[in-house]
Amino acid sequence: MIKRIIYSSLPIIGGAIVGLITSGYMDYSDMVKPPLSPPGIVFPIVWTILYILMGISYFLATKDNEDNKELDQIYLLQLLVNFMWPIIFFVLEMYFTAFLWIILLLILVIVMIKELLNVNKVSGYLQIPYLIWLLFATYLNLGITLLN
């Protein structure tokens, strides 16, 4: 049970730490952005909701089996890749590398959703907003890469 609680909390804790690390580097308002780019205030709100959904999803998926090593591996790997993206994009300003990185993240999230759906349908469905947001973020990343 302790592992479930810790792993379920990782998205919020990690997201907060990455937010603190990158906050001094974010120049989103100064970038040339593609059409449909939301204002900067939208991102922390959306990511907080998505991180909460990730934690709930993991918690539900492991309620009957805490020892699913495949699920743990893909969940933790996609979190690590997720947490690295803003550092690559905002701190290092490596926009094209960040674009390739977010493609990797998309692939990992699709694999994670498939694994979650095999374990608990609701848990898998809770990740759909994350996938949709990542698709939109990929569009924004590509647009910023091409325009800046």
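What follows is a short conversation about a predicted model.

Mentor: Glad you could join me! Local features here need pLDDT of at least 70 and side-chain atom pairs count only at pLDDT 80 or more, while totals for chains, interfaces and linings use all residues. Residues are numbered from 1 along each chain as its sequence is written, and side-chain values use heavy atoms, with hydrogens and water left out.

Trainee: Which element gives the largest share of the lining of the largest pocket?

Mentor: A pocket is an open set of points on a 1 Å grid over the protein atoms alone, where a 1.4 Å probe fits, with protein on both sides within 12 Å along at least five of seven lines; lining residues have an atom within 4 Å of a point. This pocket has a volume (the space filled by probe spheres set on the points, which are joined across faces, edges and corners) of about 670 Å³. Among its 28 lining residues, M26, F43, W47, P86 and F90 are the closest to its centre. Helices are DSSP runs of H or I with at least four residues, numbered from the N terminus, and the largest share, seven residues, comes from α1.

Trainee: How many residues of that lining are charged?

Mentor: Asp, Glu, Lys and Arg count as charged; Ala, Val, Leu, Ile, Met, Phe, Trp, Tyr, Cys and Pro as nonpolar; and the others, Gly among them, as polar. The lining has 21 nonpolar residues and seven polar ones, and the number of charged residues is: no charged.

Trainee: Which residue pairs with D72 in a salt bridge?

Mentor: Side chains of opposite charge can pair when their charged atoms come close. The rule asks for a side-chain nitrogen of Lys or Arg within 4 Å of a carboxyl oxygen of Asp or Glu, and the count comes to one salt bridge. Its N to O distance is 2.4 Å, and the partner of D72 is K3.

Trainee: How many residues apart in sequence are the parts that this pair ties together?

Mentor: D72 lies in helix α3 and K3 in helix α1, so the pair ties together parts whose separation in sequence is 69 residues.

Trainee: Is D72 buried or exposed?

Mentor: Buried means under 20% relative accessible area, exposed over 50%, and partly exposed in between (1.4 Å probe, protein chains only). K3, at 26%, is partly exposed. D72 has 8% relative accessibility, so D72 counts as buried.

Trainee: And P39, is that residue buried or exposed?

Mentor: P39 sits in the loop between α1 and α2, with its C-alpha 8.0 Å from that of S29. Its relative accessibility is 54%, so P39 counts as exposed.

Terms used: Helices (H or I, at least four residues) and strands (E, at least two) are DSSP runs, numbered from the N terminus.
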